[in-house]
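Subject: Handing over the structure

Dear colleague,

I am passing this structure on to you, since you have not worked with it before. Please look through the sequence and the coordinates first, and then read the notes below alongside them.

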Number of protein chains: 2
Amino acid sequence: MAQQQAQVKFTAVKPQLMVKTPKAVDAVNFYKSAFGAVEAGRSPCCPPPTAEQNLPNILCAQLELAGCSFVVYNDDSAPEKIEGIGNQLCLETDEVEAAISKAVSAGAVVEGEVTEGGGACCGGRVGKIKDPYGYVWLICSPSNKCAPVEA
Amino acid sequence: MAQQQAQVKFTAVKPQLMVKTPKAVDAVNFYKSAFGAVEAGRSPCCPPPTAEQNLPNILCAQLELAGCSFVVYNDDSAPEKIEGIGNQLCLETDEVEAAISKAVSAGAVVEGEVTEGGGACCGGRVGKIKDPYGYVWLICSPSNKCAPVEA
């Protein structure tokens, strides 16, 4: 069955970070200053917020970092606190400590010590930070010890 | 202060999907057959599982898709069910229906109808599937209506 299906080509994988209203603009600014992400575009809300609501008019913004994209979504139903989350985002860099320091300057909180990860898929040295919106980022030295796939 | 900090260069952004033991190998195979992801490498457990444990010897595997990487992690502490998750992954493709159909053949479950997303950051037409490991994927037509960033 599967072989008969058309090949499907994907053009992008984009993590989506849901951020509770009205913090989406703050989150976009945080990812720019903490990680150097570049904003590729943003979409306004439709319909726009009313004057009484006094909310920033942003539905989502696309950010580019290290050749990948992620999207910050303004989501009123996003949880206030993200607990027991099943996934997190790994950022690879040769400058683990400098990256953590920069993120902390921008408002992130360090979680634990930088550890030697044993060369698993997410790098040899691994630090963990939590951003002001509840997302956990692993700051890792580049992975280079993944075993080749066995045939 | 921020200007005085060294520029930090990130070389990759990798979502990490935690999958409860012993399903990590199943998950890797699912992402290959459902999305056409390519395995770039995997790391064994250290120490390896004992014969009595009878578990697959995989700590993590790195998968490549649409020029990005993501990592499946074998994590005994991963939640059985992922509820109220704050982030999800968007996959862009011109073939939304074919992609959903292929993923469903591989074991994913459709959540709702394909809708017109109004051209927000995650594409014009958007379908949603949940994979057998609890992760939600948006299957979207490529976004092309993000407004340029205002200066």
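The notes that follow go from one strand and its partners to the domains, the core and some backbone details.

Please keep in mind throughout that this is a predicted model.

I begin with strand β4 of chain A, which covers residues 68-74. This strand is mostly covered, seven of its seven residues being buried. Its side chains point in two directions: A:Cys68, A:Phe70, A:Val72 and A:Asn74 go one way, while A:Ser69, A:Val71 and A:Tyr73 go the other, and all of them are buried.

Two strands of chain A pair with β4(A). Strand β3 of chain A, made of residues 60-65, runs antiparallel to β4(A) and is joined to it by six bridges, and within this pairing A:Gln62 has A:Val71 of β4(A) as its bridge partner. The hairpin formed by β3(A) and β4(A) has two residues between the strands, and A:Ala66 takes a positive phi near 50 degrees there. Strand β1(A), by contrast, runs parallel to β4(A), with four bridges between them, and A:Met18 stands opposite A:Tyr73 of β4(A). Strand β1 of chain A (residues 10-19) is itself largely enclosed by the rest of the structure, because nine of its 10 residues are buried.

One residue of β4(A) that you may wish to look at is A:Ser69, which lies in that strand. Is A:Ser69 buried or exposed? Its relative accessibility is 13%, and it therefore counts as buried, the cut-off being under 20%. The side chain of A:Ser69 makes a polar contact of 3.0 Å with the side chain of A:Glu64, and another polar contact, at 3.4 Å, with the side chain of A:Gln62. If residues up to four places away in sequence are left aside, A:Ser69 touches A:Val13, A:Lys14, A:Pro15, A:Gln62, A:Leu63 and A:Glu64.

Turning to the wider arrangement, chain A is divided into domain 1, with residues 13-79, and domain 2, with residues 81-150. The contact between them draws 16 residues from domain 1 of chain A and 16 residues from domain 2 of chain A. The size of an interface is often given as the accessible area lost when the parts come together. For domain 1 and domain 2 of chain A, the area buried between them is about 1200 Å², and 74% of it is on carbon and sulfur atoms.

The largest nonpolar core has 72 residues, and the members that touch the most other members are A:Tyr31, A:Phe35, A:Trp137, B:Tyr31, B:Phe35 and B:Trp137. With residues up to four places away in sequence not counted, B:Phe35 touches A:Phe10 of chain A as well as B:Phe30, B:Leu65, B:Leu91, B:Ala103, B:Ile129, B:Trp137 and B:Ile139 of chain B.

Some backbone details also deserve a mention. Most residues other than glycine have a negative phi, and most peptide bonds are trans. The peptide bond from A:Thr21 to A:Pro22 is cis, with omega near 5 degrees, and A:Pro22 is placed in the loop between β1 and α1 of chain A. In chain B, the peptide bond from B:Thr21 to B:Pro22 is cis, with omega near 0 degrees, and B:Pro22 lies in the loop between β1 and α1 of that chain.

Positive phi values are found in chain B too. B:Asn54, although not a glycine, has a positive phi of about 55 degrees; this residue sits in the loop between β2 and β3 of chain B, and B:Asn54 is exposed, with a relative accessible area of 66%. B:Ala66, which is not a glycine either, has a positive phi of about 55 degrees, and B:Ala66 lies in the loop between β3 and β4 of chain B, where it is partly exposed at a relative accessible area of 28%.

Finally, B:Asn29 belongs to helix α1 of chain B, residues 24-35, and counts as partly exposed at 38% relative accessibility. The C-alpha atoms of B:Asn29 and B:Cys140 are separated by 22 Å, the two residues being 111 residues apart along the chain.

With best regards

Terms used: Residues are numbered from 1 along each chain as its sequence is written. Chains are lettered from A and ligands numbered from 1 in the order in which they are written. This is a predicted model: local features need pLDDT of at least 70, side-chain atom pairs count only at pLDDT 80 or more; totals for chains, interfaces and linings use all residues. Side-chain values use heavy atoms; hydrogens and water are left out. Buried means under 20% relative accessible area, exposed over 50%, partly exposed in between (1.4 Å probe, protein chains only). A polar contact is a pair of N or O atoms within 3.5 Å; within protein, one must be able to donate a hydrogen and the other to accept it, and residues adjacent in sequence count only if both atoms are side-chain atoms. Contact means heavy atoms within 4.5 Å. Two strands pair if DSSP finds at least two bridges between them. A nonpolar core is a set of buried Ala, Val, Leu, Ile, Met, Phe, Trp, Tyr and Cys residues joined through side-chain atoms within 4.5 Å. Domain bounds come from an automatic or database domain assignment. Buried area is the accessible area (1.4 Å probe) that two parts lose on being put together, summed over both.
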